[in-house]
Protein chains: 2
Amino acid sequence: MARPREFDQEIVLNQAMEVFWRKGYERTSIQDLVEHTGVHRGSLYDTFGDKNQLFLQCLDLFRSKDRAFGILEEEGESKEVLRRYFDRLIDYALNDDAGRKGCLIANTAMEMGAIDSSISVRVEAFSMDVETSFYKFLMRAQQRGALKKKKNVRELARFLVSIRYGLYVLAKTTTDRKVLEDAANVAMLIMV
Amino acid sequence: MARPREFDQEIVLNQAMEVFWRKGYERTSIQDLVEHTGVHRGSLYDTFGDKNQLFLQCLDLFRSKDRAFGILEEEGESKEVLRRYFDRLIDYALNDDAGRKGCLIANTAMEMGAIDSSISVRVEAFSMDVETSFYKFLMRAQQRGALKKKKNVRELARFLVSIRYGLYVLAKTTTDRKVLEDAANVAMLIMV
DNA sequence: AAAATAGTTGACTGATCGTTCTTAAATAAT
DNA sequence: ATTATTTAAGAACGATCAGTCAACTATTTT
């Protein structure tokens, strides 16, 4: 490589992801990306390919970065751990400073749906990650006696995925924290 | 009015709504609307105003037309009624012939978020409609003894709203009916 | 020091976007 | 029958879109 790049690929990819996350794929123009990364159009194309390819890399980055589920692996009583997870989710989803962007994958699933297979593959994979995180959490809880043995952990995990997505949608329909807390409160009742 | 309109405003508005519903606001071009309604661009502008105004009218039409909650007012055991509601929702959300469009308001909330106040007002209003439908249903169930007196009906209603939205998102991440059914099954447990 | 290589840059492409305008056509009022 | 009024329709508007390319610059290799 003769002349070195003047920007950090990872940083720029994160900045691009931020824009797609906030505005969605269609509303994001190349010009937006240029302005928010400070990188020339041509360099973006040389480095990341076209808009669609760049977006796919942002989806991959999001999947690899989302550490919200780390909370589920922390120590503590299972019910309290789950409550902490929801609390943080609600905090984040409603936080104006964070841009109330929601979940990039959920946003993308809603915007692009089943249009492009290279996208739906990634949406599906992430959704599966989420389910698996909940599944593992619930299995641990069950082994610890915090969840009845007869409970169907797969069902419960999918239920939690649904609640998770539901809360992100709710956060786009209201700024009333109580609404999301009420929903999460009821959802917590499964931990018996 | 001298020369009469050659098209039915209501039919055309429904056709436009269909397109916005399927493709979202940003991905829908005036040309798309022209092709799916058979109405000239100029006539669309004369009749409905610009793209944004037309879209708002589609949101209003959607709100006034969504009769899915009629199921909740039907006769029968409360738990069975709720199950029927979820069954139909899942049927619709996954039905290819229906276009797997999801819920126009949820789609719009995710796409437009809190960008435009004239839109978020409508999103909020519809979301409140949904909550109220569930609330009334749950109150009837409680009076009928199908729901414990001590249950917080407002909380439960908001929980159901969250599940409803969650299922619509889930339907965009997978075609596996079992995933949605599992989530709905767990949600049904609140009816005790 | 010269050549080869790779990244940066500004200008530009054709296509499509939402929107408007002028002209023609159809009906109602006179 | 003529005029007034409203709608329809084709063409065009400037703006913006995603994407490209040749000229230029900085670094590595020879």
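These legends go with a set of close-up views of a predicted model.

**View 1. Chain A on its own, helices throughout.**
Start with the overall look of chain A: 9 helices and 0 strands, so to speak a run of α-α-α-α-α-α-α-α-α from the N terminus on. Its C-alpha atoms fill a box of roughly 60 × 35 × 30 Å along the principal axes. Chain A has 192 residues, and 53% of them count as buried. Look at contacts between residues at least 6 apart in sequence, and 67% turn out to join residues at least 24 apart.

**View 2. The surface and charges of chain A.**
About 9,000 Å² of chain A is exposed, with carbon and sulfur atoms supplying 48% of that area. Chain A also carries 30 positive and 29 negative charges, and the mean positions of the two sets sit 5 Å apart.

**View 3. DNA strand C and the residues around it.**
Both protein chains show up here: of the 22 residues around DNA strand C, the nearest are A:A2, A:R3, A:E6, A:H40 and B:R41. Of the strand C atoms that come within 4 Å of the protein, sugar and phosphate account for 60%. Zoom in on A:E6 and you'll find a polar backbone atom 2.7 Å from a phosphate oxygen of DNA strand C. Over on chain B, a backbone N or O atom of B:T28 lies 3.2 Å from a phosphate oxygen of this strand. Two elements give two or more residues to the surface near DNA strand C, namely α3 (41–48) of chain A and α3 of chain B. The largest share, 3 residues, comes from α3(A).

**View 4. B:Y45 up close.**
This tyrosine sits in helix α3 of chain B, which covers residues 41–48. An N or O atom in the side chain of B:Y45 is 2.7 Å from a phosphate oxygen of DNA strand C. Buried or exposed, where does B:Y45 fall? With a relative accessible area of 39%, B:Y45 is partly exposed, because that value lies between the 20% and 50% cut-offs. Setting aside neighbours within four places in sequence, B:Y45 is in contact with B:I30 and B:D50. B:D60 is 15 residues away along the chain, and its C-alpha atom is separated from that of B:Y45 by 18 Å.

**View 5. DNA strand D and its contacts.**
Here 20 residues surround DNA strand D, and the closest are A:R3, A:I30, A:R41, B:A2 and B:H40. Sugar or phosphate makes up 63% of the strand D atoms within 4 Å of the protein, and bases make up the rest. One base contact to look for is at A:R3, where an N or O atom in the side chain is 2.7 Å from a base oxygen of DNA strand D. A:I30 uses its backbone instead: an N or O atom there lies 2.8 Å from a phosphate oxygen. Then there's A:K51, with a side-chain N or O atom 2.9 Å from a phosphate oxygen of DNA strand D.

**View 6. Helix α2 of chain B and what packs over it.**
Which residues of α2(B), spanning residues 30–37, are buried? They are B:I30, B:D32, B:L33, B:V34 and B:T37. Their cover includes α1 (9–23), α3 and α4 (51–65) of chain B. B:I30 links this view back to View 4, as one of the contacts of B:Y45. Just after the helix comes B:G38, with a positive phi near 75°.

Note on methods. Residues numbered from 1 in each chain as written. Chains lettered and ligands numbered in written order. Predicted model: local features only at pLDDT ≥ 70, side-chain atom pairs only at ≥ 80, totals over all residues. Heavy atoms only, no water. Helix = DSSP H or I, 4+ residues; strand = E, 2+ residues; numbered from the N terminus. Buried < 20%, exposed > 50% of the residue type's maximum accessible area, 1.4 Å probe, protein only. Contact = heavy atoms within 4.5 Å. Areas by Shrake-Rupley, 256 points an atom, 1.4 Å probe, with all protein chains shown as cover. Lys, Arg positive; Asp, Glu negative; His and termini not counted. Charge placed at Lys NZ, Arg CZ, Asp CG, Glu CD. Near = heavy atom within 4 Å. Polar contact = N/O pair within 3.5 Å; in protein donor to acceptor, adjacent residues only side chain to side chain.
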